[in-house]
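Open the model in a viewer and keep the selection tool at hand. The stops below are meant to be taken in order.

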Amino acid sequence: MTYEVTAGHPATDRPDRARGERTAPPQRTVLISGASVAGPALAYWLGRYGYRTTVIELAPALRGGGFAVDFRGAAHRAVLERMGVLDAIRRHRTGPGTPMTFIDGQGRDLATLPPEFAAGEVEILRSELSRLLHEHSLTPPDRGPAPGVLPEYLFGDSLTSLTETADGVHATFERGAPRTFDLVIGADGLHSTVRRLAFAPEERCVSHLGYYFAAWDLPAGAGDLGARPVGYGEPGRLATVGRLPRRAGELGYTGEAFCVFASEGELPYDRRDIRSQKRVIARAYEGAGWRTPELLDTLWQADDLYFDSISRVDVPHWSTGRIALLGDAAYGATLGGMGTGSAIVGAYVLAGELALAGADHRTAFARYEQKLRPYVTRCQEGGRGAGEFFAPTTQEAIDARNTALNTPSTVTAMLEQGHDVSAAIKLEDYPSLVTGPASTVG
């Protein structure tokens with residue numbers, strides 16, 4: 001069954017705009033695959049520019065649980081401010097942050113990971129961010145170049161084919177009736193269905209970087225396992241537990257787990273079968289020390305699990321005809337690659353270029369890629385070292401990481417580098433460009 005959450009319609013018709021102003025052509029329709037982060041962000045901006053969007057999501061509802069994501073630097077902050085969601089994100093942030101301590105098998109402290117290292121300027125649960133963006137996309141704007149066209153969200157369905165015609169893209173679905181759209185955007189993550197259908201098989205676009213990671217909430221009976229934020233590591237595998245201050249009042253909340261482990265090759269499992277994923281994780285931690293056996297017991301009780309490889313996406317061209325890719329589907333780096341911030345920035349740029357180009361989607365797609373690719377490619381580089389940082393494959397490498405974390409000047413340099421990378425793009429003020437003179441911000 002397809003779950004139709006809501007469908008939006010233009011509030012009113014507006015008279016022709018003044019000569020020189022630009023806005024999206026009326027009745028332009030866009031199908032967005034994916035309702036996590038990039039999809040709702042794009043739906044918000046396209047709706048503001050007068051496009052009719054339909055967002056389709058395989059999951060039956062917005063996903064809960066998961067792990068925290070962060071934003072850092074001027075570029076991320078500028079986009080969130082222009083969207084009008086920065087204050088809400090700050091209200092729902094995971095907290096001021098607490099340091100995580102790397103420990104040995106006897107629980108003795110070895111090194112401390114400062115909260116700023118993982119949390120950036122503001123950190124929020126990915127599920128909470130998805131909910132905020134979804135709600136924000138369904139809120140009519142109080143100002144802007146158009147009265148606002150609210151998106152339609154369809155949960156519990158997925159694409160099965162995309163066929164481009166002279167004037168649109170014909171889409172078929174697992175459950176819903178076929179429909180035709182002016183444009184299709186794949187914002188459906190590392191394992192993008194749109195990319196597979198319209199660009200290339202996943203194995204030609206996604207490079208495994210030698211690690212997997214997992215996150216789940218500890219069950220109510222976990223006791224004091226998550227009382228202190230710690231990470232226990234052995235060569236090639238790390239297990240961490242802790243509690244988020246903001247969730248302390250939740251009924252039954254005792255903390256969450258986050259694990260990273262090395263794997264030279266890609267592991268076989270069913271991405272739609274949570275028990276298959278749990279078996280892979282359990283095998284990876286067999287024989288591990290500290291309280292890891294207790295932690296694995298909580299894994300089998302977990303209702304929600306986020307599990308995936310640490311991989312990098314490289315697509316030669318982000319668009320083909322009337323179809324384009326956004327976020328992790330186009331330039332993902334699943335851990336340490338600033339993927340969430342890049343997705344938000346990408347949605348802003350893609351929507352802005354479509355609004356400026358009007359019916360000329362080819363020009364819009366080309367400008368979007370030209371402006372964004374250098375920035376996200378640099379961000380992606382962080383993903384290559386994330387697994388090696390969290391779960392080095394030798395004891396010597398673990399010791400070297402701990403020494404670096406115990407050296408304040410090294411930590412400061414690492415933090416500064418991250419902020420420099422996240423801010424290394426000039427963002428045009430697209431809302432102003434659509435209705436007025438051009439301006440840019442750094």
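The tour goes through strands, a helix, aromatic rings, cysteines and one loop residue of a predicted model.

**Stop 1: strand 2**

Select residues 29–33, which make up strand 2. Five of the five residues are buried, so the strand is largely enclosed by the rest of the structure. Show the side chains and look along the strand. T29, L31 and S33 point one way, while V30 and I32 point the other way. In a regular strand the side chains alternate between the two faces of the sheet.

**Stop 2: the partners of strand 2**

Add residues 52–57, strand 3. Strand 2 and strand 3 run parallel and are joined by five bridges. To place the register, pick T29, whose bridge partner in strand 3 is R52. Now show residues 38–48, helix 1. Together with strand 2 and strand 3, helix 1 makes a right-handed β-α-β unit.

Next add residues 183–186, strand 12. Four bridges join strand 12 to strand 2, and these two strands also run parallel. Two positions can be labelled here: I32 stands opposite I185, and S33 has G186 as its bridge partner.

**Stop 3: strand 12 and onward**

Keep strand 12 selected and turn on its side chains. Are its faces covered or open? Both faces of strand 12 are covered. L183 and I185 lie on one side and V184 and G186 on the other, and all of them are buried.

Then extend the selection to residues 323–325, strand 19. Strand 12 pairs with strand 19 in the parallel sense over three bridges. I185 is a useful label again, as its bridge partner in strand 19 is A324.

**Stop 4: a three-stranded sheet**

Clear the selection and pick strands 9, 10 and 11. They form an open sheet with the order 9-10-11 and antiparallel pairing. Strand 9 (159–165) and strand 11 (179–181) stand at the edges with a single partner strand each, so one side of each is left without a neighbour in the sheet. From one strand to the next the twist averages 25°.

Zoom in on strand 9 and strand 10 (residues 168–173), which are joined by six bridges and run antiparallel. S161 can serve as a marker: its bridge partner in strand 10 is T172.

**Stop 5: helix 10**

Select residues 339–357, helix 10. This helix has 19 residues and reaches 26 Å from its first C-alpha to its last, close to the 27 Å expected at 1.5 Å a residue. Of the 19 residues, 18 are buried, so helix 10 is largely enclosed by the rest of the structure. Step past the end of the helix to G358, which follows helix 10 and has a positive phi, near 65°.

**Stop 6: aromatic rings**

Show the rings of Phe, Tyr and Trp. The count comes to 18 aromatic pairs. One of the pairs is W45 with Y348, which is edge-to-face, at 5.1 Å centre to centre and 70° between the planes. W45 lies in helix 1 and Y348 in helix 10, so the pair ties together parts that are 303 residues apart in sequence. Both W45 and Y348 are buried.

For a second pair, move to Y212 and Y269. This pair is also edge-to-face, with 6.4 Å centre to centre and 75° between the planes. Y212 belongs to strand 13 (residues 206–217), and Y269 sits in the loop between strand 16 (256–262) and helix 7, 57 residues apart. Y212 has 1% relative accessibility and therefore counts as buried.

Return to W45 and Y348 and add Y44, Y49 and Y430. These five residues form one aromatic cluster.

**Stop 7: cysteines**

How many disulfides does the structure hold? It holds zero. Two cysteines to select are C205 and C259. C205 counts as buried because its relative accessibility is 3%, and C259 counts as buried because its value is 2%.

**Stop 8: W290**

Finish in the loop between helix 7 (274–284) and helix 8 (292–301), where W290 is found. Most residues other than glycine have a negative phi, and most peptide bonds are trans. W290 is not a glycine, yet its phi is positive, at about 55°. Is W290 buried or partly exposed? With 22% relative accessibility, W290 counts as partly exposed, because buried means under 20%.

How values were computed. Residues numbered from 1 in each chain as written. Predicted model: local features only at pLDDT ≥ 70, side-chain atom pairs only at ≥ 80, totals over all residues. Heavy atoms only, no water. Buried < 20%, exposed > 50% of the residue type's maximum accessible area, 1.4 Å probe, protein only. Pairing = 2+ DSSP bridges. Right-handed = clockwise from strand over helix to strand, strands pointing away. Disulfide = S-S within 2.5 Å. Axes fitted to C-alpha atoms, helices over the stretch in contact; angles between N-to-C directions. Expected span 1.5 Å × (residues − 1). Phe/Tyr/Trp six-rings, centres within 6.5 Å; stacked < 30°, edge-to-face > 60°.
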